[in-house]
Structure formats: C-alpha cells, structure tokens
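This briefing goes through the fold, the strand pairings, the core and the aromatic contacts of the structure below. Please keep the sequence and the 3D view at hand while reading.

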Amino acid sequence: MKFVIVLVACIAMACADNPNAADETLRYDSVNTGVDGYTFGFETSGGIKHEEDGKVIDPETSGIAVRGSYSFVGDDGVTYTVNYVADENGFRPEGKHLPRA
C-alpha cells in the first residue's frame, strides 16, 4: 500500500509541474473493492489518461499487485504511453519511448 501511495504522489507531482495542470477533468472513476483491491482512472482535456487496478495478493502484509497505464501528450505533440506492473518484484514500466536493458 505504501508503494501505491508513493506512486500516486509521484504522478501527482509530475502533473503539478505540467503546464496543462489547468486542464479540465473529463472523467474520474474510483472504486474501492474492499479487501480485494481497487480500481481508478481519469482523463483530462489536455490528453492525460491514467487507469489502474490494484489487487490484494497477501492480506496479512497488505501486499498489493498493481497494473496500470498512463499517457500524456509531450511537448513534441506525440502521445506517450507507459504500461506498468508493480508488485512484490518492484515497479516495471514499459513504453516505446523508454530505454530497454
């Protein structure tokens, strides 16, 4: 759960530094599925989108497996998308624009 909070805080900081921060929120969905996990998503008029699902994998340790994606329009006009998984193996992002090992 701590990881999810840190991830959301990092995304919020990135959006706060975004010149599109004054964009309108077109959609915001959030569902807490209780002890099973959560799902949320939002979209702004500036082209920012974020979708995420979290599933509890270990109720005793509050372990959560998260899958999601976010996209944004870069200064070059290109839409960049990052798909990610965050679980007991860490945060693993993938995107065409991200370097690979």
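**Strand pairing and core**

Strand S4 (residues 63-73) and strand S5 (residues 79-87) run antiparallel and are joined by 8 bridges. The model is a predicted one. In this model the protein chain has 1 helix and 6 strands, and the strands make up an open sheet in the order S1-S2-S3-S4-S5-S6 with antiparallel pairing.

**Overall layout**

- Along the sequence, the pattern of the protein chain is α-β-β-β-β-β-β.
- The edges of the sheet are strand S1 (25-32) and strand S6 (90-94), each of which pairs on one side only.
- On average, neighbouring strands of this sheet are turned by 10° against each other, direction ignored.
- The protein chain has 101 residues, of which 26% count as buried.
- Among contacts in the protein chain with a separation of 6 or more, 18% are between residues 24 or more positions apart.

**Strand pairs, from S1 to S3**

- Strands of a sheet pair through backbone hydrogen bonds, in either a parallel or an antiparallel sense.
- S1 and S2 run antiparallel and are joined by 7 bridges.
- Within this pair, Arg27 has Glu43 in S2 as its bridge partner.
- The hairpin of S1 and S2 has 4 residues between the strands, and Gly34 in the turn has a positive phi of about 75°.
- Strand S2 (residues 37-44) also pairs with strand S3 (residues 49-58), in the antiparallel sense and over 7 bridges.
- Two of the partners across S2 and S3 can be named: Phe40 is matched with Glu52 in S3, and Phe42 is matched with His50 in S3.
- The hairpin of S2 and S3 has 4 residues between the strands, and Gly47 in its turn has a positive phi of about 95°.

**Strand pairs, from S4 to S6**

- Across the pair of S4 and S5, Ser69 stands opposite Asn83 in S5.
- The hairpin of S4 and S5 has 5 residues between the strands, and Gly77 there takes a positive phi near 85°.
- S5 and S6 run antiparallel, with 5 bridges joining them.
- In this pair Ala86 faces Phe91 in S6 as its opposite residue.
- The hairpin that joins S5 to S6 does so through 2 residues.

**Nonpolar core**

- The largest nonpolar core has 8 residues: Tyr38, Phe40, Phe42, Ile48, Ile64, Val66, Tyr84 and Ala86.
- S2, S4 and S5 are the elements that give two or more residues to this core.
- S2 gives the most, with 3 residues.
- S2 is also mostly covered, since 6 of its 8 residues are buried.
- Side chains in a regular strand alternate between the two faces of the sheet.

**Aromatic residues**

- There are 4 aromatic pairs in the structure.
- In one of them, the ring centres of Tyr70 and Tyr84 are 6.2 Å apart and the planes are at 45°, so the pair is tilted. Planes under 30 degrees apart would count as stacked and those over 60 as edge-to-face.
- This pair links distant parts of the chain, with Tyr70 in strand S4 and Tyr84 in strand S5, 14 residues apart.
- How exposed is Tyr70? Its relative accessible area is 25%, so Tyr70 is partly exposed. The limits for that class are 20% and 50%.
- Tyr84 has 3% relative accessibility and therefore counts as buried.
- Tyr70, Tyr84 and Phe91 form one aromatic cluster.

**His50 and its contact with Tyr84**

- His50 lies in strand S3.
- Is His50 buried or exposed? With a relative accessible area of 2%, His50 is buried.
- Which side chain does His50 contact through a polar contact of 2.7 Å? The partner is the side chain of Tyr84.
- Tyr84 thus appears in several of the groups above: the largest nonpolar core, the tilted pair with Tyr70, the aromatic cluster and the polar contact with His50.

Technical notes. Residues numbered from 1 in each chain as written. Predicted model: local features only at pLDDT ≥ 70, side-chain atom pairs only at ≥ 80, totals over all residues. Heavy atoms only, no water. Pairing = 2+ DSSP bridges. Axes fitted to C-alpha atoms, helices over the stretch in contact; angles between N-to-C directions. Core = buried A, V, L, I, M, F, W, Y, C linked by side-chain atoms within 4.5 Å. Buried < 20%, exposed > 50% of the residue type's maximum accessible area, 1.4 Å probe, protein only. Phe/Tyr/Trp six-rings, centres within 6.5 Å; stacked < 30°, edge-to-face > 60°. Polar contact = N/O pair within 3.5 Å; in protein donor to acceptor, adjacent residues only side chain to side chain. Contact = heavy atoms within 4.5 Å.
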